[in-house]
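Open the model in a viewer and keep the sequence panel visible. The stops below go from the whole chain to single residues.

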Amino acid sequence: MIDDAKILETVIAEFEALTHIPRPSGHERAVSDYLKKRFTEIGCTVTQDEALNIIAEMPATTGCEAAPRTILQGHMDMVCVAKPGVIYDPLNDPIKMLRTEESLTADGTSLGGDDGIGVAEILTAMQYTEEHGPLRAIITVDEEQGMSGARHLDAAHLSGARFLINCDSEDYHIMTVGSAGSVNLDFSRMLTRRESALPAYRIAVEGLRGGHSGERIGDGRGNAIRTLALALQTLAGHGKIEIVSFTGGTARNAIPPTAEAIIRTEIGEREIVNVLVEEEKRFHALYGTADPAMKFSLSSVENAGRVIGADEQHDLIALLTLLRTGVHDMSRLHVDKVETSANLGVITMDESEVHVQFFPRSSVNERLDEIVTMAETLAKRTGFTLTVGAKSPAWREREHSTLVKIMGEVYAAQNGGAAMTVESIHAGLETSWHAAKNPELDMVSIGVTAHGIHTPEERVEIAAIVPEAKLMMETLRRIAEEKS
Ligand SMILES: [Zn+2]
């Protein structure tokens, strides 16, 4: 048996070699060439595809040839950021790795432990697992920017294998078994403009917390755009209102923390205030726990400009109040995990056009299809044009996974019987693209415990390096006992 010190020093040495090669997303030629050489040195037959992905085949150890093939997968690119004041050229400067008792960090920059440490674990497991079936390493390019490596990977490289272990997660104690797909939906409509002499006001929604629409959508936070649309709809029940502008949000995948409208109206200022007070109460009854600081502000506006057509205004408010933003469905497999959500992310408006960005996510592809159909109907009914943009598939959790069972048993044996946390995430992973190309693959995603990824504070926990390697190696040994 190989001892723990040898495993630790091998993983760190393999990782440190990667830190010497600049490797921001989209600039992977040098690191891809290095990995081609390195996997060849350890006994693999290596293919470098046109995208510069590396596919490395390692034969089974003697006697284990009949075992099912396992793919070990990571990515070679990294997010390159530096602390303010640090001079750093990601295209030319190597990372300066620092090692303390507890952690690996970098000197003033991101470390690239995401996913260099995963690649180093794969290289180590391939060298030192004493009994294993046929193995294939797939190390992709450009995970961090657009997953173009995984997207363009030939499906042939994902066939002929039963298991896939993705090594791009960030917690030794967690096994990820599903991830969400998404689709970009854009509603747009041309606007007409006409003069109006009614007094003008600015109404703003402020103080919401917002947040990433994958990570925070299940927290019960309010959506500023929807909140404002509902308030305008209520106001329209009190008298004539005319919209001059309606804007809000910053990004498709961020819950909008603010929104504002300029309206002209015959309703008196005091009555508007009363309506907004009632709307605030309604908001706080629904979202007050997660978003206690939300409030409306009202001010009068001089020279507000022309208003949009009455039909356009009616249709716009209908669209914004009917689009279902927030959680659609919770997971049936995991407590407190979101399966399907959508985020009403951005509304922009100029003199001649209004544009609304909507971003559904789901771990079930068919649910995304349903939302697209719903959006098409809604667009037709409200006179908007719907553009269905970039789509990424979901990785749907299997109900009976041999790999989850084996790895869970290995983890429990390593941790005094404790159960490994099993979860699906409400964000995208490269495994989504693998699942689309080979739905039969039994996959998990794991990783060495790390903190502050994509920041100059990135830190890998040294104490998790050996347990993670042994989790992978013992899982491969157990797979070698399976019949293919
Ligand atoms: Zn990563």
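Start with the contacts of the whole protein: among those with a separation of 6 or more, 79% join residues 24 or more positions apart. The model is a predicted one. Its secondary structure amounts to eleven helices and 25 strands. Along the principal axes, the C-alpha atoms fill a box of roughly 85 × 50 × 45 Å. Of the 484 residues, 46% are buried.

**Two domains**

Colour residues 4-180 together with 395-479 as domain 1, and residues 182-392 as domain 2. Their C-alpha centres are 40 Å apart. Where the two touch, domain 1 gives eleven residues and domain 2 gives 15 residues. On the domain 1 side, select β8 (174-179) and β22 (421-425), each of which supplies at least two of the touching residues. By type, this side of domain 1 consists of two nonpolar, six polar and three charged residues.

**The nonpolar cores**

Next, select Leu-72, Ile-122, Ala-125, Ala-137, Ile-165, Met-407 and Val-444. These are the members of the largest nonpolar core, which has 70 residues, that touch the most other members. Centre the view on Ala-137: beyond residues up to four places away in sequence, Ala-137 touches Phe-39, Cys-44, Ala-56, Leu-72, Ile-122 and Met-126. A separate core has 50 residues; Ile-243, Ile-272, Phe-296 and Ile-317 are among them. In soluble globular proteins, nonpolar side chains tend to be buried together.

**Helix α9**

Now select residues 402-414, helix α9. Its 13 residues reach 19 Å from first C-alpha to last, close to the 18 Å expected at 1.5 Å a residue. Which residues of α9 are buried? They are Leu-403, Ile-406, Met-407, Val-410 and Tyr-411. Looking down the axis of α9, the buried residues fall within an arc of 130°, so they line one face of the helix. Turn to the other side of α9 to find Lys-405 and Ala-413, which are exposed.

To see what the buried residues of α9 pack against, show β7 (163-166), β8, β23 (442-445) and α11 (465-479). Met-407 has already appeared among the residues of the largest nonpolar core that touch the most other members. After α9 comes Gly-416, with a positive phi near 60°.

**Helix α1**

Move to residues 4-19, helix α1, which has 16 residues. From first C-alpha to last, α1 reaches 23 Å, close to the 22 Å expected at 1.5 Å a residue. The buried residues of α1 are Ile-7, Thr-10, Val-11, Glu-14, Phe-15, Leu-18 and Thr-19. Show α2 (29-41), β4, α3 and α11 as well, since what covers these buried residues includes them. α11 is also one of the elements that the buried residues of α9 pack against.

**Val-81 and the residues around it**

Select Val-81, in the loop between β3 (70-75) and β4 (97-99). Is Val-81 exposed, partly exposed or buried? Val-81 has 17 other C-beta atoms within 10 Å, so it is partly exposed. Leaving out residues up to four places away in sequence, Val-81 touches Thr-109, Ser-110, His-454, Thr-455 and Pro-456. Add Glu-457 to the view: Val-81 and Glu-457 are 376 residues apart in sequence, and their C-alpha atoms are 9.8 Å apart in space.

**Backbone details**

From Val-81, step to His-454, one of the residues that Val-81 touches. His-454 is in the loop between β24 (450-451) and β25 (459-461). Its phi is positive, near 70°, and the residue is not a glycine. With 13 C-beta neighbours inside 10 Å, His-454 counts as partly exposed.

Go next to Asn-303, in the loop between β16 (295-301) and β17 (307-308). This is another residue other than glycine with a positive phi, here near 50°. Asn-303 has 5 C-beta neighbours inside 10 Å and therefore counts as exposed.

The last stop is the peptide bond from Asp-114 to Asp-115, which is cis with omega near 5°. Asp-115 belongs to helix α3 (residues 113-128), and α3 is included in what covers the buried residues of α1. Most residues other than glycine have a negative phi, and most peptide bonds are trans.

Notes:
Residues numbered from 1 in each chain as written. Predicted model: local features only at pLDDT ≥ 70, side-chain atom pairs only at ≥ 80, totals over all residues. Domains from an automatic or database assignment. Contact = placed C-beta atoms within 7 Å. Helix = DSSP H or I, 4+ residues; strand = E, 2+ residues; numbered from the N terminus. Nonpolar A, V, L, I, M, F, W, Y, C, P; charged D, E, K, R; others polar. Core = buried A, V, L, I, M, F, W, Y, C linked by C-beta atoms within 7 Å. Buried ≥ 20, exposed ≤ 12 C-beta atoms within 10 Å, placed from the backbone. Expected span 1.5 Å × (residues − 1). Arc of directions from axis to C-beta.
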